[in-house]
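Subject: Structure handover and notes

Hello,

Here is the structure I said I would pass on. My notes on it follow below.

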Amino acid sequence: MKYRNNIGALLITGTLIISCASNPYAPTNRVHKKQAKALSKELKVLPPPSPGTTAKYNYAEDWVGTTNFSLRRPNLVVIHHTAQNSVDQTLKTFTLPRTQVSSHYVIGRNGEVYHMLNDLYRAWHAGNGQWGSNTDINSASIGIELDNNGFEEFSPLQMASLLNLLEDLKTKYKIPAANFIGHSDIAPTRKNDPNRTFPWKLLALKGFGLWYDEPIDIIGEPVEGSSTAVGIEPSEFGSVSNDSTPSPNSISQNPELLDVSPRVALKIIGYDVTDLPAAIKAFKLHFIQTEVDTTLTDYDLKVLNNLYKKYL
Ligand SMILES: [Zn+2]
């Protein structure tokens, strides 16, 4: 019996050695495990660290820990494209400490899923950004990177894996449909991912993200010739510095198309409207897609009017 156990141990050890040797990320996996272990120590610290020692709080003499708790859970999903040429390139980027970027999941063009980080840890995928009043997106969210060079369409295999993953995440963490968003949504001045070919409408139909009621009954064009925009003063465009700077005339003049100003509607949806043209562009990248610019046509206003009410 003992002999057989030894053989078993040898086989297991041999398998481990072979699998470690064949995984080029074995060294960074060891770093990962070390960091996870260090963080688990933080979780073991009992509050307050030193009862009665601070001047600010009058801690009770006896510490009483509640018996009713669990780990915090993510409540947002942020979808990205990698803007890189291969999964290998992205895996390398996410395992180099100097890049300071990561995500929980990477999905290849072939549908292969890399789960790089336990969902309960904080990945560094969002950077500076805001959604609604939430300004720490990394703490609240799960990041999913889709292998994509930034311009190409997303493959059917990749989308199939994504939809399965979203289903699991939504069920496991009870994430509301409105909380499935893109990187460009939370960082409109900096980001444009996922690109305009991303099928947000399909996702919304499956319960990941919201969509407006179609068909919208007009096909609008920018209205020329007037200097007064709907709810927007020309000065509000002052912060735009790129070539796509719109004239104030590029906002539709039909006030009856939108019950509130575009700024208010976009803010209700969740956009940071500090830079309004950037917020408009991010909205169009997500919800219009046929054109992605800082112009709000009659059609766009109708979409916005229908959409913002779904976020109330
Ligand atoms: Zn991104």
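How many aromatic pairs does a search of the whole structure find? The search gives seven. Please keep in mind that this is a predicted model.

Aromatic pairs

Tryptophan 131 and tyrosine 271 form an edge-to-face pair, with 5.2 Å centre to centre and 80° between the planes. The two residues are 140 apart in the chain, so to speak of distant parts being linked is fair: tryptophan 131 sits in the loop between strand E3 (113-115) and helix H4 (137-140), and tyrosine 271 in the loop between helix H8 (262-269) and helix H9 (276-287). Both tryptophan 131 and tyrosine 271 are buried.

Phenylalanine 198 and tryptophan 200 make another edge-to-face pair, at 4.7 Å centre to centre and 70° between the planes. These two residues, phenylalanine 198 and tryptophan 200, are buried as well. In addition, Trp211, Tyr212, Phe283 and Phe287 are joined into a cluster by ring pairs.

Nonpolar core

The largest nonpolar core contains 56 residues, and Ile144, Tyr271 and Phe283 have the most contacts inside it. Helix H5 (residues 156-173) supplies the largest share of this core, seven residues. Domain 1 (76-205) and domain 2 (234-311) each contribute at least three residues to the core. In soluble globular proteins, nonpolar side chains tend to be buried together.

Beyond residues up to four places away in sequence, tyrosine 271 touches Trp131, Asp185, Leu266, Ala279, Ala282, Phe283, His286 and Phe287. Of these, Trp131 is its partner in the edge-to-face pair, and Phe283 and Phe287 belong to the ring cluster.

Helix H8

Leu266 is also one of the buried residues of H8, along with Pro262, Ala265 and Ile269. Seen down the axis of H8, the buried residues fall within an arc of 95°, so they line one face of the helix. They pack against H9 and helix H10 (298-308). Glycine 270 follows H8 and has a positive phi, near 140°.

Zinc site

Which protein residues are the donors of the zinc ion? They are His80 (ND1), His183 (ND1) and Asp193 (OD), at 2.1 to 2.2 Å from the ion. Their spacing in sequence is H-x102-H-x9-D. Histidine 80 is in strand E1 (residues 76-81) and aspartate 193 is in the loop between helix H6 (183-186) and helix H7 (200-205), so this pair ties together parts that are 113 residues apart in sequence. Histidine 80 and aspartate 193 are both buried.

Two further residues

Threonine 82 lies in the loop between E1 and helix H3 (87-93). Is threonine 82 buried or exposed? Its relative accessible area is 13%, and residues under 20% count as buried, so threonine 82 is buried. Leaving aside neighbours within four places in sequence, threonine 82 is in contact with Thr90, Glu145, Leu146, Asp147 and Asn148. Its C-alpha atom is 8.2 Å from that of aspartate 193, although the two residues are 111 apart along the chain.

Aspartate 217 is in the loop between H7 and H8. With a relative accessibility of 60%, aspartate 217 counts as exposed, because the cut-off for that is over 50%. From C-alpha to C-alpha, aspartate 217 and valine 303 are 9.7 Å apart in space and 86 residues apart in sequence.

Regards

Conventions. Residues numbered from 1 in each chain as written. Heavy atoms only, no water. Donors = N, O, S within 2.8 Å, 3.2 Å for Na, K, Ca; no water. Helix = DSSP H or I, 4+ residues; strand = E, 2+ residues; numbered from the N terminus. Buried < 20%, exposed > 50% of the residue type's maximum accessible area, 1.4 Å probe, protein only. Core = buried A, V, L, I, M, F, W, Y, C linked by side-chain atoms within 4.5 Å. Domains from an automatic or database assignment. Contact = heavy atoms within 4.5 Å. Phe/Tyr/Trp six-rings, centres within 6.5 Å; stacked < 30°, edge-to-face > 60°. Arc of directions from axis to C-beta.
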